[in-house]
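Visitor: Please take me through this structure slowly, and tell me on what grounds each label is given.

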Amino acid sequence: MLSQPTGVTFDIGGGRMVTVETGKLARQAHGAVTVRQGNCIILATVVANKEPKEGQEFFPLVVDYNEKFASAGRIPGSFFKREGKLNDYEVLVSRLIDRSLRPLFPEDYFCDVQVLVTLVSSDKEVMPDALACLAASAALAVSDIPIKEIISQVRVARVDGEFIVNPLREQLAKADMDFLIAATEKNLMMVEGEAEECAEEDLVKALEIAHEAIRIQIKAQAELRDKTGITGKRDYTKPVVNEELQEKVKTFAGERISAIARSASAKNERSEAFDTLKKELIESLGEEADDATKKLAKKYLEDLKWENVRNVILDERVRLDGRKLDDIRQLNMEVDVLPSPHGSALFTRGETQSLTTVTLGTPLDELLVESAATSDYTKFILHYNFPPFSTGEVKMMRGPGRREVGHGNLAMRSLKQMMPGNEYPYTVRVVSDILESNGSSSMATVCAGSLALMDAGVPFPKHVSGIAMGLITRTSDNKYAILSDILGDEDHLGDMDFKVTGTREGICGVQMDIKVDGLSMDIMREALDQARRGRLHILGAMYEAMPAAREEVKPHAPRMEKLFIDKEFIGAVIGPQGKIIQEIQRETGTTINIEEVGQYGEVSVFSPAKEGLDKAVSWIKGIVAVPEIGSVYEATVKGIKEFGAFVEFLPGKQGLLHISEISHKRLESMEGVLKEGDKVKVKLIGVDHKTGKFKLSRKVLMPKPEGKRPESNGAPAAE
């Protein structure tokens with residue numbers, strides 16, 4: 001018999017209740033909870049090994065977020081009708097949870113930990129990603145797995161000028177700010193989101209509102225933990241500490257590390273200097289040192305490197321490459337660097353380089369983005385690739401990992417703010433290939449993407465740039481240093497790294513990870529202001545390289561024209577079983593897409609050549625044209641009868657050119673007069689309103705023989 005569950009319930013605002021419950025499901029996991037809001041139910045479990053693997057030197061945390069299609073009453077659309085590997089949305093939510101949880105574990109804790117978060121019941125209006133981290137943290141809170149603090153996460157969106165915590169999906173669709181924020185009781189831990197050019201102070205306000213809501217959730221988790229009787233955390237095996245070896249490493253390498261940090265050398269030179277130091281340190285230990293001692297010495301060297309380089313930056317305000325704290329590395333930008341893509345740009349900042357291309361496609365190229373609750377198409381796609389040669393390494397080439405998905409998503413949501421709306425007919429794919437990396441290739445992707453989009457002729461109104469920032473702090477004397485345009489090594493050394501993208505007018509995207517306790521909002525404001533200045537500096541160089549978007553797409557890019565027709569004509573353009581539209585596409589080499597919009601049909605015609613585009617547009621216009629009495633048409637003979645010829649004078653519209661209307665001269669038969677395929681000019685002289693048949697004449701367009709009296713046109717009409 002199942003035990004009685006234990007739960008707590010709290011209000012996240014506006015009478016929206018959230019219940020966190022444990023003790024009913026997954027009882028063999030070391031911690032398991034369900035989180036429920038409305039019909040949305042998330043199950044989170046956590047399991048940790050009791051001992052670390054032999055020789056383990058890092059914290060092996062695995063976080064997977066998964067949405068069951070059954071949660072929304074759906075069957076997966078794959079061939080196997082089964083959930084497969086995590087999709088991009090699930091990967092992004094997994095990353096949000098991972099980045100929030102990882103700093104909670106002790107630095108000397110190396111046991112394998114697996115956190116599985118599953119959406120088991122979906123609510124079409126409740127966003128599950130805002131509740132997933134709450135569920136994961138609560139599962140840890142009710143376990144004996146050692147964590148330093150409880151955290152939680154909320155979404156804050158601004159809708160019609162009002163900030164809303166965990167808005168419903170319908171509200172979020174109208175938001176101009178959308179941020180997911182994780183925090184402990186005292187400190188912010190993670191920020192990710194986008195905005196339509198918001199001010200820095202608006203972001204700070206969103207963070208403050210989020211933190212107040214998070215404290216309520218942390219209090220609820222602590223209450224749940226107390227109800228379950230969890231009073232302490234398990235003991236674990238800590239790494240061996242050899243103080244004598246630590247001191248020996250410090251004596252041998254301390255000053256040399258600081259000297260390398262002051263050398264203002266390039267990345268490769270600096271790496272070689274540190275490698276040489278490591279090699280000499282191991283040699284200094286003598287032949288009697290065993291493998292375990294050498295391994296420990298290398299670890300102590302890395303720890304010392306982390307401390308000494310930070311101290312050089314804090315005390316001497318000198319960075320690894322010799323720059324001042326707020327200096328931006330040298331910028332180089334080129335557009336139209338590749339002849340065949342529809343748009344391209346090469347962006348280089350210091351030792352980071354992105355080659356980005358833009359491809360324009362048709363609505364048939366739209367990307368289907370599926371989650372359990374939604375199934376939507378998007379016309380803007382961005383893919384980010386990070387090959388191993390970009391860092392001078394040899395690695396297996398596999399599919400995109402979580403890092404690639406996360407970096408690409410940040411760039412995509414930043415550039416998306418300036419993309420034209422749904423009225424823009426093209427599907428746009430941006431691909432960033434990182435050719436060189438030493439600090440924030442995702443921000444290089446944003447800059448290169450903005451340049452390439454303008455080069456492609458996409459109506460992109462403003463450039464969007466991005467900058468990666470770092471923060472180094474020292475609590476002993478309250479010193480801190482805010483670093484602009486960080487290097488890869490500075491990213492590793494820092495207490496906070498955050499990326500800010502935007503235009504000259506405001507912020508478009510943010511990704512922030514905070515590893516330090518007690519970060520004040522004043523330091524946050526100072527960091528955001530320094531990031532704004534750096535962003536503006538980069539934007540200035542981008543406008544010099546590409547002042548505005550091209551007025552037209554390039555000659556080899558697909559051409560497009562959009563028509564709006566009466567809804568009643570949609571069937572006529574498509575034809576029976578698609579016969580007409582397929583014929584148009586086949587004969588003109590175009591791609592045609594038709595959508596019903598209100599009382600109209602929206603027809604988008606795409607063609608790689610202007611000639612084909614014009615021909616297809618003319619064809620469609622002919623189909624939907626309403627014949628006017630008195631108008632003259634170029635008709636094609638479709639069939640010959642003894643009493644006249646059937647001619648097509650507009651696409652899909654035929655009439656009978658009676659034998660008496662072909663010539664002023666009386667014709668005894670149609671033999672030798674016209675044949676199928678002949679082109680002949682005719683005039684619409686009347687319409688039989690009862691039958692809808694058209695009265696056509698050729699002879700009225702021909703000069704009359706002299707002395708001949710006008711004859712009445714009494715010929716029968718035909719369709």
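Guide: Helices and strands are DSSP runs numbered from the N terminus, a helix (H or I) having at least four residues and a strand (E) at least two. The model is a predicted one, in which local features need pLDDT of at least 70 and side-chain atom pairs count only at pLDDT 80 or more, while totals for chains, interfaces and linings use all residues. Residues are numbered from 1 along each chain as its sequence is written, and side-chain values use heavy atoms, with hydrogens and water left out.

Visitor: What makes the angle between helix H11 and S11?

Guide: An axis is a line fitted to C-alpha atoms, for a helix over the stretch in contact, and the angle between two N-to-C directions can run from 0 to 180 degrees. Helix H11, residues 521–545, lies across S11 and S12 and runs at about 35° to S11.

Visitor: In what order do the strands of the open sheet with S11 and S16 stand, and what makes these two the edge strands?

Guide: The order is S11-S12-S13-S17-S16, five strands with mixed pairing, where two strands count as paired if DSSP finds at least two bridges between them. Strand S11 (331–335) and strand S16 (380–385) are the edges, since each pairs on one side only. Neighbouring strands here are turned against each other by 15° on average, direction ignored.

Visitor: How do you know that S16 and strand S17 pair?

Guide: At least two bridges are required, and S16 and strand S17 (residues 427–436) have six, in the parallel sense. Within this stretch Ile381 stands opposite Arg429 in S17.

Visitor: Which strands of this sheet does helix H9 touch?

Guide: Contact means heavy atoms within 4.5 Å, and helix H9 (residues 441–455), packing on the sheet, touches S11, strand S12 (343–349), strand S13 (352–361), S16 and S17. The direction of H9 makes about 145° with that of S12. H9 also lies across strand S18 (465–474) and strand S20 (496–502), running at about 155° to S18.

Visitor: S18 brings us to another open sheet, so to speak; what is the order of its strands?

Guide: Eight strands stand in the order S8-S7-S9-S10-S21-S20-S18-S19, and their pairing is antiparallel. Strand S8 (162–165) and strand S19 (479–484) are its edges, each pairing on one side only, and the twist from one strand to the next averages 15°. In the middle of the story, strand S9 (residues 177–183) and strand S10 (residues 188–198) pair over seven bridges, with Phe179 opposite Gly193 in S10.

Visitor: Why is Asn166 called buried or exposed?

Guide: Buried means under 20% relative accessible area, exposed means over 50%, and partly exposed lies in between (1.4 Å probe, protein chains only). Asn166 has 5%, and is therefore buried. Asn166 sits in the loop between S8 and helix H3 (169–172), and, leaving aside neighbours within four places in sequence, its contacts include Ile12, Leu131, Arg155 and Gln217.

Visitor: Arg155 has another partner, Asp178; what makes the pair a salt bridge?

Guide: A salt bridge is a side-chain nitrogen of Lys or Arg within 4 Å of a carboxyl oxygen of Asp or Glu, and the distance from N to O here is 2.8 Å. Asp178 lies in strand S9 and Arg155 in strand S7, 23 residues apart, and both residues are buried.

Visitor: How do you know whether Arg474 and Asp315 are buried or exposed?

Guide: Arg474, with a relative accessible area of 18%, is therefore buried, whereas Asp315, with 42%, is partly exposed. These two form a salt bridge whose closest N and O atoms are 2.6 Å apart, and it links strand S18 with helix H7 (residues 291–316), 159 residues apart.

Visitor: And why is Lys610 called buried or exposed?

Guide: Its relative accessibility is 55%, so Lys610 counts as exposed, while Asp614, with 36%, is partly exposed. Lys610 and Asp614 are joined by a salt bridge at 3.0 Å between the closest N and O atoms, and both lie in helix H14 (residues 610–624), four residues apart, about one turn of the helix.

Visitor: How many salt bridges does the structure hold?

Guide: There are 51.
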